[in-house]
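Hi everyone, thanks for making time this morning. I'd like to walk you through one structure and the side-chain contacts in it.

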Amino acid sequence: MQPRNMSMSGVVDLAAVKSAQEAKAKAEQARAEAARQGGGAAGAVSPASLVIDVDEAGFEREVLQRSTEVPVVIDFWAEWCEPCKQLSPLLERLAQEYNGRFLLAKIDVDANQMLMQQFGVQGIPAVFAVVAGQALPLFQGAAPEAQIRQTLDQLIQVGEERFGLTGLVVDAGADAQGEQAPAAPEVPAGPHDALLEAAVQALDAGDLAGAVQAYKNVLSDDPANTEAKLGLAQAELLLRVQGLDAQVVRKDAADRPDDVPAQIAAADLDLVGGHVEDAFGRLIDTVRRTAGDDRDAARVRLLELFEVVGGEDPRVTSARTALARVLF
């Protein structure tokens with residue numbers, strides 16, 4: 001019942017390369033099946049189920065578990081809260097409009113004081129999100145619709161790019177006159193689906209080098225492919241740390257602070273262990289202390305680690321600013 005991983009700034013899950021792609025593939029297959037059957041695919045949800053009331057007993061099932069399928073937006077509200085009466089209907093309307101790209105969970109704070117305390121809610125209305133089991137605050141108060149839309153768009157982008165959450169398949173059913181809605185056209189597979197699937201299969205087999213090559217094959221034709229860029233950065237990191245003796249690497253880095261390869265190897269291990277700020281700080285310090293080819297090597301590795309974490313992460317934003325101060 002207790003919310004877990006209450007921050008998107010938690011440990012970087014490098015296993016998410018494979019799981020995110022698998023989740024995305026399953027969601028896209030479900031959407032394609034829904035389109036072929038006119039919206040009646042197994043596992044599809046009704047529009048009404050995009051807005052749910054959640055209590056403490058159902059939080060684990062309705063929020064944490066569902067957040068592995070779709071971003072869950074949480075609306076903390078109360079009957080006596082006047083701003084809630086403006087915000088809640090707006091969020092409900094947007095949940096319908098976004099058509100399964102996020103799920104809206106409404107929590108009455110009067111009846112669920114423990115959840116309110118666990119999320120650190122100071123006042124209502126307060127809106128949080130849970131993505132792949134990780135929670136983050138979105139905004140507090142009755143924000144303007146344009147701002148809410150922008151926040152939701154960013155949330156959905158993070159869910160898809162970092163965790164492969166492409167949303168729920170919605171079965172609209174019959175229209176108001178009782179007539180079945182026309183079937184949507186069949187959704188074709190993307191041009192690089194087979195190559196991305198090859199990367200997933202290579203990861204399943206423990207063939208990191210094969211996964212790296214598969215992602216490179218996608219990027220050779222489609223350099224802007226976000227999924228392949230993220231997968232390549234993470235697969236390359238896993239390949240680099242494979243077989244490293246962590247104790248030896250960390251001792252070398254401690255004993256030789258000006259040894260750039262030693263600092264780079266330690267930064268890789270920092271990131272794999274979830275110590276994101278440590279990895280970034282180590283390389284920024286290395287850039288500060290070095291020059292020429294050594295400095296460039298540390299800078300390039302730092303940029304590669306930015307790709308692993310994701311450009312939207314606030315830690316990346318902060319590290320970019322720190323790097324700029326060092327360089328310029």
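Let me begin with a quick one: is Glu62 buried, partly exposed or exposed? With a relative accessible area of 21%, Glu62 is partly exposed. Its salt-bridge partner is Arg66, at 4.0 Å from N to O. Arg66 has a relative accessible area of 19%, so it counts as buried, the cut-off being under 20%. These two also belong to a network: salt bridges with shared partners join Arg61, Glu62, Arg66 and Glu69.

Please keep in mind that this is a predicted model. As for the overall picture, the protein chain has 328 residues, and 46% of them count as buried. Its secondary structure comes to 13 helices and 5 strands. If you take the contacts in the chain with a separation of 6 or more, 72% of them are between residues 24 or more positions apart. The chain exposes about 15,900 Å², with carbon and sulfur atoms supplying 51% of that.

Back to the charges. A search of the whole structure gives 23 salt bridges. One of them pairs Asp268 with Arg240, with the closest N and O atoms 2.8 Å apart. This pair links distant parts of the chain, since Asp268 is in helix H10 and Arg240 in helix H8, 28 residues apart. Asp268 is buried at 3% relative accessibility, while Arg240 is partly exposed at 25%. Another salt bridge joins Arg256 and Asp259, at 2.9 Å from N to O. Here Arg256 is partly exposed at 38% relative accessibility, and Asp259 is partly exposed at 22%.

Now for the rings. There are 6 aromatic pairs in the structure. Take Phe76 and Phe128: their ring centres are 5.7 Å apart and their planes are at 85 degrees, so we call the pair edge-to-face. Phe76 sits in strand E2 and Phe128 in strand E4, so the pair ties together parts 52 residues apart in sequence. Phe76 is buried at 0% relative accessibility, and Phe128 is buried at 10%.

A second edge-to-face pair is Phe280 with Phe306, at 5.0 Å centre to centre and 85 degrees between the planes. Phe280 comes from helix H11 and Phe306 from helix H12, so this pair bridges 26 residues of sequence. Both phenylalanines, Phe280 and Phe306, are buried.

Ring pairs also link Phe59, Phe76, Phe119 and Phe128 into a cluster.

And one last contact, mixing the two themes: the charged end of Lys106 sits over the ring of Trp77, 5.1 Å from its centre. Thanks for listening!

Note on methods: Residues are numbered from 1 along each chain as its sequence is written. This is a predicted model: local features need pLDDT of at least 70, side-chain atom pairs count only at pLDDT 80 or more; totals for chains, interfaces and linings use all residues. Side-chain values use heavy atoms; hydrogens and water are left out. Rings of Phe, Tyr and Trp (its six-membered ring) pair if their centres lie within 6.5 Å; planes under 30 degrees apart count as stacked, over 60 as edge-to-face and the rest as tilted. Helices (H or I, at least four residues) and strands (E, at least two) are DSSP runs, numbered from the N terminus. Buried means under 20% relative accessible area, exposed over 50%, partly exposed in between (1.4 Å probe, protein chains only). A charge sits over a ring if NZ of Lys or CZ of Arg is within 6 Å of the ring centre and within 35 degrees of the ring normal. Contact means heavy atoms within 4.5 Å. Accessible areas come from the Shrake-Rupley method with a 1.4 Å probe; for residues, only the protein chains shown count as cover. A salt bridge is a side-chain nitrogen of Lys or Arg within 4 Å of a carboxyl oxygen of Asp or Glu.
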